[in-house]
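Colleague: I am new to this structure, and I would like to understand how the words used for it are justified. Could you take me through the reasoning step by step?

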Amino acid sequence: MALPKKITEKSAINLIHTSSPVGKADLKDFKKSVAKLSKIFRNMKMFDVKITELDPRYLAGSAKERLSKFRQAVKGADWLASIYGGTGCEDIVRKLTDQDLAKIRKNRPIVNGFSDTTFLINFIYFKLKLLAFHYSSVAGLSTLDNNQLFFDIIGGKTDSF
């Protein structure tokens, strides 16, 4: 099994929409999490999607746009953090090419997510044998009591959860 890079304050943290947009009920927690991450990590970038009136409206963006943003985010990422769970991540996973996987294998980023992003973390683990983390998306990070433990794990300060 391949281990991902350890995260430091200088690491490239790329936030991606794998599935749904942040729900209105979770928007406050999401903003709190982004603010916390911004204080810890200087090199954080959100790969946001254009807000449109999509049908179905439960997707953050079209599959094409989310895949395009995902591919941009993979370049140089030390941590690919899903913004929210929801539904639709399989649209991205189905379209990943051998080139996409080669970039992920080469970079060995931390990849984490919850809910529908489980498609992605399982795919990366089983396809590349790269350790991935079934843990909260960014929208929920600030609400969890054990988030410091998660940061310690991805930073290589501890190896058990």
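Modeller: What follows is a set of questions and answers about this structure, which is a predicted model.

Colleague: Why are helix 4 and helix 5 called roughly perpendicular to each other?

Modeller: The axes of helix 4 (residues 98–107) and helix 5 (residues 118–128) cross at roughly 80 degrees and come within 11 Å. Angles of 65 to 115 degrees count as roughly perpendicular, and helix 4 and helix 5 are therefore described as roughly perpendicular to each other.

Colleague: Which residues make the contact between these two helices?

Modeller: On the side of helix 4 the contact is made by L101, I104 and R105, and on the side of helix 5 by F123, I124, K127 and L128. Sorted by class, this contact of helix 4 with helix 5 has five nonpolar and two charged residues, with no polar ones.

Colleague: What makes S137 count as buried?

Modeller: The relative accessible area of S137 is 6%, and buried means under 20%, so S137 is called buried. S137 lies in the loop between strand 5 (133–134) and helix 6 (138–141). Leaving aside neighbours within four places in sequence, S137 is in contact with S82, I83, Y84, G85, G113 and F114.

Colleague: How do you know whether R108 is buried, partly exposed or exposed?

Modeller: R108 has a relative accessible area of 34%, and partly exposed is the range between the cut-offs of 20% and 50%, so R108 is called partly exposed. R108 is placed in the loop between helix 4 and strand 4 (110–113), where, not counting residues up to four places away in sequence, R108 touches L3, P4, K5 and L130.

Colleague: And what term fits D29, with its relative accessibility of 26%?

Modeller: D29 also falls between 20% and 50%, so D29 counts as partly exposed. D29 lies in helix 1 (residues 27–40), and beyond its neighbours within four places in sequence D29 is in contact with A139, S142 and T143.

Colleague: What lines the second largest pocket, and how much space lies in it?

Modeller: About 220 Å³ of space lies in the second largest pocket, and its lining is formed by L3, P4, K5, K6, I110, L131, F133, I153, I154, G156, T158 and D159. By class, this lining has seven nonpolar, two polar and three charged residues, and since Gly counts as polar, G156 belongs to the polar class.

Notes
Residues are numbered from 1 along each chain as its sequence is written. This is a predicted model: local features need pLDDT of at least 70, side-chain atom pairs count only at pLDDT 80 or more; totals for chains, interfaces and linings use all residues. Side-chain values use heavy atoms; hydrogens and water are left out. On a 1 Å grid over the protein atoms alone, a cavity is a set of points where a 1.4 Å probe fits but cannot get out, and a pocket is an open set with protein on both sides within 12 Å along at least five of seven lines; lining residues have an atom within 4 Å of a point. Grid points are joined across faces, edges and corners, and a volume is the space filled by probe spheres set on the points. Axes are lines fitted to C-alpha atoms, for helices over the stretch in contact, and angles run from 0 to 180 degrees between N-to-C directions. Helices (H or I, at least four residues) and strands (E, at least two) are DSSP runs, numbered from the N terminus. Angles under 35 degrees count as roughly parallel, over 145 as roughly antiparallel, 65 to 115 as roughly perpendicular and the rest as oblique. Contact means heavy atoms within 4.5 Å. Buried means under 20% relative accessible area, exposed over 50%, partly exposed in between (1.4 Å probe, protein chains only).
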